[in-house]
Amino acid sequence: MMLFGNQLVPDEEVRISPLDRGYYFGDGVYEVFRIYDGRLFEVQGHMERFSRSMAEIRISLPYPLEELENLLNRLTETAGIPDGLTYVQITRGAAPRSHPFPAAAAAEPVVTGWCSPFLRPLKDLENGISAIVREDIRWHRCDIKSLNLLPNVLLKQEALDGGAGEVIFSRGGVITEASASNVMIVKNGIVKTHPADHHILRGVTRSLVLRLAEGLGIAVREEAFRAEELASADEVFITSTGSEVMPVVLVDSRPVGDGKPGPVTRLLQQAFEASIP
Ligand code: PDD
């Protein structure tokens, strides 16, 4: 089953027009939720961010946000997937191709969503992954979870082609985030991550991890840091819905610290794990 508008329908009943503005302008926003034990995780954080993304690009959900939350819960229950992801997106709808917004009466926003199995990346969580650093070639509104992901797609592929697991973005020498996750470094026991401004997505996992760090008495600074600080960090990790708290042990082929996941990363991984229902 898929979510289509305000209904759950068999996949083959979803009909999207080739004139959908999501299709030719990427004119829409999306959200990815984690399913643990058959249920959505951190629902409130994702719903609030989806609502904000829609408001920032001036698309209105054609029904109340609570109804969407109910639909996504039902979609997830119906899917019956113990470990997975639930995806939802909204576009400005179908209209003849012209840059300005169509008149409200001429286009109805299109909501679609589905669930897919996704297993916790246990091996990588244990051993860590490698990353490359590349210039952040995205726009200046990365706080909006927009469908326009071409820079993320191209640079992630470049990372994979070179045998790395992730690409970390540097905007004029300042580390912002990664292709589909936030980046944190640890130096002398202090966690640093880019402030949640227009140059990063305010990750739901990022917010959870910052709360967990505070609970553990770990010092946190939401402060921009440069590529040199990333290179000389004691520990590096990324956070996202799928990656959780993922150690990065190699950056541009150079080991981070002693090349193994560090103690602060491990503490945060344990706290994260404990927060999974
Ligand atoms: N990506 N930064 C970017 C650019 C992202 O695309 C994501 C999430 C994050 C982490 O956000 P969260 O902790 O809320 O998942 C940070 C999703 C999972 C994706 O596009 O698949």
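Me: In this predicted model, which residue in S6 does Gln-89 stand opposite?
Reply: In this predicted model, strands S5 and S6 pair in the antiparallel sense over 8 bridges. Within S6, the residue that stands opposite Gln-89 is Thr-112.

Me: In S5, what is the bridge partner of Ile-35?
Reply: Strand S5 (84–91) is also joined to S3, by 8 bridges, and these two strands run antiparallel. Across that pairing, the bridge partner of Ile-35 in S5 is Gly-84.

Me: Which strands are the edge strands of the open sheet formed by 6 strands?
Reply: The sheet is open and antiparallel in its pairing, and its 6 strands follow the order S2-S1-S6-S5-S3-S4. Within it, 2 bridges join strand S1 (residues 2–4) to strand S6 (residues 110–117), and Leu-3 stands opposite Gly-113 in S6. The edge strands, each of which pairs on one side only, are S2 (7–9) and S4 (39–40).

Me: At about what angle to S3 does helix H2 run?
Reply: Helix H2 covers residues 43–56 and lies across three strands, namely S3 (28–36), S4 and S5. Relative to S3, the helix runs at about 175 degrees.

Me: Is strand S13 largely enclosed by the rest of the structure or largely open, and how many of its residues are buried?
Reply: On one side of S13, Glu-235, Phe-237 and Thr-239 are buried, and on the other side Val-236, Ile-238 and Ser-240 are buried as well, so that both faces are covered. A residue is called buried here if 20 or more other C-beta atoms lie within 10 Å of its own. The strand is therefore largely enclosed by the rest of the structure, the number of its buried residues being 6 of the 6.

Me: In S14, which residue is the bridge partner of Val-236?
Reply: S13 pairs with strand S10 (residues 182–187) in the antiparallel sense over 5 bridges, and in that pairing Val-236 is the bridge partner of Ile-185. S13 is also joined by 5 bridges to strand S14 (residues 244–251), again running antiparallel, and S13 and S14 form a hairpin with 3 residues between them. In S14, the bridge partner of Val-236 is Val-248.

Me: Which element gives the most residues to the largest nonpolar core?
Reply: In soluble globular proteins, nonpolar side chains tend to be buried together. The largest nonpolar core here has 35 residues, and those with the most contacts inside it are Ala-131, Ile-168, Val-236 and Val-248. The element that gives the most to this core, with 6 residues, is H6.

Me: How many residues does the second, separate core have?
Reply: Phe-33, Leu-40, Ile-59 and Cys-115 are included in this second core, which is separate from the largest one. Its number of residues is 17.

Me: Which element supplies the largest share of the shell around the ligand?
Reply: The ligand has 14 residues around it, of which Leu-201, Gly-203, Val-204, Thr-205 and Thr-241 come nearest, and by class the shell has 4 nonpolar, 8 polar and 2 charged residues. Helix H6 (204–215) and strand S13 (235–240) each supply at least two residues. The largest share, 3 residues, comes from H6.

Me: Is Gly-217 buried or exposed?
Reply: Gly-217 is found in the loop between H6 and strand S12 (220–222), and its C-alpha atom is separated by 50 Å from that of His-99, 118 residues apart along the chain. A residue counts as exposed if 12 or fewer other C-beta atoms lie within 10 Å of its own. Because Gly-217 has 6 other C-beta atoms within 10 Å, this residue is exposed.

How values were computed:
Residues numbered from 1 in each chain as written. Predicted model: local features only at pLDDT ≥ 70, side-chain atom pairs only at ≥ 80, totals over all residues. Near = placed C-beta within 6 Å. Helix = DSSP H or I, 4+ residues; strand = E, 2+ residues; numbered from the N terminus. Nonpolar A, V, L, I, M, F, W, Y, C, P; charged D, E, K, R; others polar. Pairing = 2+ DSSP bridges. Contact = placed C-beta atoms within 7 Å. Axes fitted to C-alpha atoms, helices over the stretch in contact; angles between N-to-C directions. Core = buried A, V, L, I, M, F, W, Y, C linked by C-beta atoms within 7 Å.
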